Amino acid sequence: QINAVAMPLVMFLDACEHVARISRVLNQPSGNKLLLGVGGSGRQSLSRLATFMSDYDLFQIEVVKGYGLNEFREDLRTCLMKCGCEDKVQTFLFADSQIVKEQFVE
């Protein structure tokens, strides 16, 4: 789970268009989006901004040494329980660097 952290951003026209697209998709029922691009292109930052704009909670796993499939399933369970039981809308942010086992995406 990620806490609120200040993000100094420089917003240019393309970034504004991208954050508008991400926000539009997130606000749809069952909205999800796969963002592709080179490293450092702002996928995570713009996703965080769109999540904040929608007043959603952000959920992101923290990969530490020994993080495996059981821990990943427990994190998913925690995220889904907040959505189902507590009726909170969340954005699950999953970066390519967090895929330590191929089974995470199967």
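How much space lies in the largest pocket? In this predicted model, the largest pocket holds about 850 Å³ of space. Its lining is made up of 28 residues, and those closest to the centre of the pocket are Lys33, Leu34, Phe92, Leu93 and Phe94. Three elements each give two or more residues to this lining: helix 1, helix 2 (43-53) and strand 2 (90-93). By residue character, the lining of the largest pocket divides into 13 polar, twelve nonpolar and three charged residues. A word on the approach may be welcome here: rolling a probe the size of a water molecule over the atoms shows where empty space is left.

Turning to the surface, Met7, Leu9 and Met11 make a nonpolar patch of about 230 Å². One of these residues, Leu9, is found in the segment before helix 1 (13-26). Leu9 counts as partly exposed because its relative accessibility is 37%, a value between the limits of 20% and 50%.

Charged side chains come next. A search of the whole structure finds one salt bridge, and the side chains of Glu74 and Arg77 meet in a salt bridge with an N to O distance of 2.6 Å. Both Glu74 and Arg77 belong to helix 3 (residues 69-84), where they are three residues apart, about one turn of the helix. Glu74 has 40% relative accessibility and therefore counts as partly exposed. Arg77, at 46% relative accessibility, likewise counts as partly exposed.

The loops offer some further points to look at. In the loop between helix 2 and strand 1 (57-60) sits Asp55, a residue other than glycine whose phi is positive, near 60°. With a relative accessibility of 69%, Asp55 counts as exposed. A positive phi is also found at Asp87, again a residue other than glycine, with a value near 55°. Asp87 is placed in the loop between helix 3 and strand 2, and its relative accessible area of 66% makes Asp87 exposed.

The loop between helix 3 and strand 2 also contains Lys88. At 39% relative accessibility, Lys88 counts as partly exposed. Where chain positions are concerned, Lys88 and Asp57 are 31 residues apart in sequence, yet in space they are 7.5 Å apart, C-alpha to C-alpha.

How values were computed. Residues are numbered from 1 along each chain as its sequence is written. This is a predicted model: local features need pLDDT of at least 70, side-chain atom pairs count only at pLDDT 80 or more; totals for chains, interfaces and linings use all residues. Side-chain values use heavy atoms; hydrogens and water are left out. Patches are made of residues with over 30% relative accessible area and no salt bridge: like charges are joined within 9 Å, nonpolar side chains (Val, Leu, Ile, Met, Phe, Trp, Tyr) within 5 Å. Accessible areas come from the Shrake-Rupley method with a 1.4 Å probe; for residues, only the protein chains shown count as cover. A salt bridge is a side-chain nitrogen of Lys or Arg within 4 Å of a carboxyl oxygen of Asp or Glu. Helices (H or I, at least four residues) and strands (E, at least two) are DSSP runs, numbered from the N terminus. Buried means under 20% relative accessible area, exposed over 50%, partly exposed in between (1.4 Å probe, protein chains only). On a 1 Å grid over the protein atoms alone, a cavity is a set of points where a 1.4 Å probe fits but cannot get out, and a pocket is an open set with protein on both sides within 12 Å along at least five of seven lines; lining residues have an atom within 4 Å of a point. Grid points are joined across faces, edges and corners, and a volume is the space filled by probe spheres set on the points. Ala, Val, Leu, Ile, Met, Phe, Trp, Tyr, Cys and Pro count as nonpolar, Asp, Glu, Lys and Arg as charged, and the others, Gly among them, as polar.
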